[in-house]
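This report describes a metal site, a ligand site and one helix. The sequence and structure are shown first.

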Amino acid sequence: MPTVVNAYAAAQAKAPLKPFQIERRAMNPNDVTINILYCGVCHSDVHQARDEWGGGIFPMVPGHEIVGKVNQVGSAVKHYKVGDVVGVGCFVDSCRECSPCQQSLQQYCEKGMNQTYNGREKNGAPTYGGYSTQIVVDENYVLRIPENLPLDAAAPLLCAGITTYSPLRQWKIKTGDKVAVIGLGGLGHMAVKLAAAMGAEVTVFSTSASKKEDAHRLGATNFANSKEEEIFKKYAGYFDLMINTVAADIDLNRYLELLKLDSTLVTVGVPDKPAAVHAFPLIRKRRRLAGSLIGGIKETQEMLDFCGKHNIVSDIELISMDKINEAYDRMVKSDVRYRFVIDIASLK
Ligand code: NAP
Ligand code: ZN
Ligand code: ZN
């Protein structure tokens, strides 16, 4: 039997989020039902609830940084039992057959991953995210949260954590490598913690001078105020990898000039407008401009285990569900240190 549960939704693009009820599907044999405890608030939630990328499915229940406890397991479930602490990230299914799916790179599924929200199930029904009390998910798309981590602060690992961990691994960051993180928000502060734990020397590029102390506390060696011209001279040709987490249009050309020979600037931030990139900064040192999308199930579990081992979680501000619209406005103003997490108990 499908179950009706409480949620918060945007009725249409740009509408403030309000209480709403959704139906969770009847369990299939491979499904687990999760009672949601916490859900992180990603800048992608704001982009999508305001339909800044277009094509949004409304009413929309955002939320893809989900942590909760297994409440029920289907008859064929092998890996989870009632009471387990689990997570769900940005997708809840994929084709499982294509080459990326076979490599556990479900985020790059050739048929398109089934997003946790603002997406569709295989039968076409809209998916609803973690701003709700319960979710039903196939166990193959569920993650295990290490026992030593606080559950509220672990929630943002499911998107902000994996989105920054994946490029650090893909570009094989190791001790002594010089990594730049552009933008110290939800993704940026996780990038700093993760890169520092991998032994890198981290430099934060930020428009907020007030975040300098935090940058050092989070593990950065250097802080560069991106509003100061001199820093673009100081760090010319310096970095092995740069991760751009900014959701707005910035001049990538001046950042590309900060890369060493054969090094890469990876963009994970998704502004709503295309960037203008000149050929010169790229050809001069055979530099590369790349992108990266979240991470697959296998790598997400690896990231969670890495965070368990190194005691890494997000710096959070816990909010009740009714504060979500205010949180969105503050996030857009870069006024969050460094991730809002919703206490789902406030929705019951
Ligand atoms: P966030 O918490 O709002 O952080 C973004 C940071 O960018 C801000 O804190 C701010 O840092 C900086 N910033 C904001 N406006 C700026 C501007 N006009 N110029 C320069 N810097 C600016 O957002 P988030 O949740 O980390 O997400 C960041 C972006 O990544 C969003 O576009 C989101 O959709 C995208 N995203 C992508 C993936 C993926 O898989 N690729 C996954 C999740 C999210 P300072 O104050 O330090 O300047
Ligand atoms: Zn996200
Ligand atoms: Zn696939």
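## Helix 10 and its end

Helices are DSSP runs of H or I with at least four residues, numbered from the N terminus. In this predicted model, helix 10 is followed by N311, whose phi is positive, near 55°.

Helix 10 covers residues 297-310, 14 residues in total. The distance from its first C-alpha to its last is 20 Å, close to the 20 Å expected at 1.5 Å a residue.

## Packing of helix 10

A residue counts as buried when its relative accessible area is under 20%. In helix 10 this applies to I297, E299, T300, Q301, M303, L304, F306, C307 and G308. An α-helix has 3.6 residues a turn, so residues three or four places apart point the same way.

The partners of the buried residues of helix 10 are two strands and two helices: strand 6 (91-93), strand 9 (143-144), helix 4 and helix 5 (186-197).

## The zinc site

The zinc ion (ligand 2) has as its protein donors the SG atom of C42, the NE2 atom of H64 and the SG atom of C159. These donors lie 2.0 to 2.3 Å from the ion. Along the sequence, the donor residues follow the spacing C-x21-H-x94-C.

C42 sits in the loop between strand 3 (31-41) and helix 1 (43-49), while C159 sits in the loop between helix 3 (151-154) and helix 4 (160-170), so the pair ties together parts that are 117 residues apart in sequence. C42 is buried, because its relative accessibility is 3%. C159 is likewise buried, with a relative accessible area of 4%.

## The site of ligand 1

Ligand 1 is surrounded by 30 residues, of which S206, T207, S208, K211 and R339 are the closest. An N or O atom in the side chain of K211 is 2.7 Å from an oxygen atom of the ligand. Backbone atoms also take part: an N or O atom of the V268 backbone lies 2.9 Å from a nitrogen atom of ligand 1, and a backbone N or O atom of S292 lies 2.9 Å from a nitrogen atom of ligand 1.

On its own, ligand 1 has 920 Å² of accessible area, and the protein covers 89% of it. Helix 1 and helix 5 are the elements that give two or more residues to the surrounding shell. The most comes from helix 1, with three residues. Helix 1 also borders the loop that holds the zinc donor C42, and helix 5 is one of the elements against which the buried residues of helix 10 pack.

Technical notes
Residues numbered from 1 in each chain as written. Chains lettered and ligands numbered in written order. Predicted model: local features only at pLDDT ≥ 70, side-chain atom pairs only at ≥ 80, totals over all residues. Heavy atoms only, no water. Donors = N, O, S within 2.8 Å, 3.2 Å for Na, K, Ca; no water. Buried < 20%, exposed > 50% of the residue type's maximum accessible area, 1.4 Å probe, protein only. Expected span 1.5 Å × (residues − 1). Contact = heavy atoms within 4.5 Å. Near = heavy atom within 4 Å. Polar contact = N/O pair within 3.5 Å; in protein donor to acceptor, adjacent residues only side chain to side chain. Areas by Shrake-Rupley, 256 points an atom, 1.4 Å probe, with all protein chains shown as cover.
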